Amino acid sequence: MIEVVGVKFRQTGKVYNFSANDLDLQIGDRCVVETERGYGFGVVDIGKVCHETCPFRRPLKRVLRKATEADLATVRENKSTEQEAMSFCLKRSVARRLEMQLVDVEYTFDRKRLTFYFMAEGRIDFRELVKDLAQKFRTRIEMRQIGVRDEAKLIGGFGACGRPLCCTTYLKNFETVSIKMAKVQGLTLNPNKLSGICDRLKCCLTYEYDYYRQMSKYMPRRGQMVRDLEGNGPYRVRDVNYLDGTVLVELSDGTRQKLYYRDLEKVK
């Protein structure tokens, strides 16, 4: 019998599986785990799941312990170092005239690696900058180039709906978003309304896309001719509402009426 828990290292980061190591772990518990890169500090996001045999290809790393006061003190010190590293890196990148935008800094729990997340239009030769950082902080330096969607996820903000960004609150992965999703849902193809603060198509366009795509197979299109099940008609479809399944049709006398799509059939 193996007990598995899901642990994440960032608020909206991926959830990784770890062996519970016979520890009493609950959702929300902060813990120290072993990873391929050393020790890590995370939060239990998925409670214990028992398996008769290990269902994973590779042996699971273990949760070493619940976080102690000393561990929490280490995390606070690391946060302070991250702020110092951010300030120092900004100064050195300006001094070396590097065309890059520093977004975030992450210091591993065991202090063996400092990761700098940055944006740039092209390739950046940051070898001298890495030397400056390594000499200053005496640890391994990693420079990681990210895109605008990753930047929004790291920095956060509020969407047009007035709520915190989905990518900073609960989205674990970015799904592919296309303009076709907006067309299927009957949205106005206005870039200003369809784009998020990252200037990319909003992730929320994917939320109801599958439902709209499925309903579009059964409901008539705007401009199509339909008749009711009693043979009355034909009527021209003026609008469709995929959410409640109603169709707005124009009658022969020019008036308009809402009918349920199951009470209509398409005129071929």
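Trainee: Which residue in β2 does V5 stand opposite?
Mentor: Happy to start there, and keep in mind that this is a predicted model. Strand β1 covers residues 2-8 and pairs with β2 in the antiparallel sense over five bridges. Across from V5, the residue in β2 is F18.

Trainee: What is the order of the five strands in the open sheet?
Mentor: The pairing in this sheet is antiparallel. β2 (15-19) and β5 (63-66) stand at its edges. From one strand to the next, the twist averages 45°. Read across the sheet, the order is β2-β1-β4-β3-β5.

Trainee: Why is one side of β2 and of β5 left without a neighbour in the sheet?
Mentor: Good one to think through. The order of the strands places β2 and β5 at the two ends. One side of each is left without a neighbour because each has a single partner strand.

Trainee: Let's turn to the pockets. Which residues lie closest to the centre of the largest pocket?
Mentor: The largest pocket holds about 1800 Å³ of space. Its lining counts 49 residues, and the closest to the centre are K8, F9, R10, Y16 and E106.

Trainee: Which element gives the largest share of that pocket's lining?
Mentor: Several elements supply at least two residues each to the lining of the largest pocket, including β2, β3 (30-35), α1 (69-95) and α3 (148-155). β6 (101-107) and β7 (113-119) are also among them. The largest share is six residues, and it comes from β4.

Trainee: How many residues in the lining of the largest pocket are charged?
Mentor: It helps to split the lining by class. There are 17 nonpolar and 13 polar residues in the lining of the largest pocket. The charged residues number 19.

Trainee: And which element gives the largest share of the lining of the second largest pocket?
Mentor: This pocket has a volume of about 470 Å³. It is lined by 22 residues, with G159, L165, C166, C203 and C204 closest to its centre. Two or more lining residues come from each of α3 and α4 (166-169). The largest share, three residues, comes from α4.

Trainee: How many residues in the lining of the second largest pocket are nonpolar?
Mentor: We can sort this lining by class as well. Four residues are polar and three are charged. The nonpolar residues number 15.

Trainee: Now for β9. Which residues are on its covered face?
Mentor: Strand β9 takes in residues 225-228. M225 and R227 belong to the uncovered face. The covered face has V226 and D228.

Trainee: What is the bridge partner of V226 in β10?
Mentor: β9 and β10 (residues 235-241) run antiparallel and are joined by two bridges. They form a hairpin with six residues between them, and G231 in the turn has a positive phi of about 95°. In β10, the partner of V226 is Y235.

Trainee: What is the bridge partner of R227 in β13?
Mentor: β13 spans residues 264-266 and runs antiparallel to β9, with three bridges joining the two. There, R227 has as its bridge partner E265.

Trainee: One more: is S93 buried or exposed?
Mentor: S93 is found in helix α1. A polar atom of its side chain lies 2.9 Å from the backbone oxygen of L90. The relative accessible area of S93 is 5%, and the cut-off is under 20%, so S93 is buried.

Key
Residues are numbered from 1 along each chain as its sequence is written. This is a predicted model: local features need pLDDT of at least 70, side-chain atom pairs count only at pLDDT 80 or more; totals for chains, interfaces and linings use all residues. Side-chain values use heavy atoms; hydrogens and water are left out. Two strands pair if DSSP finds at least two bridges between them. Helices (H or I, at least four residues) and strands (E, at least two) are DSSP runs, numbered from the N terminus. Axes are lines fitted to C-alpha atoms, for helices over the stretch in contact, and angles run from 0 to 180 degrees between N-to-C directions. On a 1 Å grid over the protein atoms alone, a cavity is a set of points where a 1.4 Å probe fits but cannot get out, and a pocket is an open set with protein on both sides within 12 Å along at least five of seven lines; lining residues have an atom within 4 Å of a point. Grid points are joined across faces, edges and corners, and a volume is the space filled by probe spheres set on the points. Ala, Val, Leu, Ile, Met, Phe, Trp, Tyr, Cys and Pro count as nonpolar, Asp, Glu, Lys and Arg as charged, and the others, Gly among them, as polar. Buried means under 20% relative accessible area, exposed over 50%, partly exposed in between (1.4 Å probe, protein chains only). A polar contact is a pair of N or O atoms within 3.5 Å; within protein, one must be able to donate a hydrogen and the other to accept it, and residues adjacent in sequence count only if both atoms are side-chain atoms.
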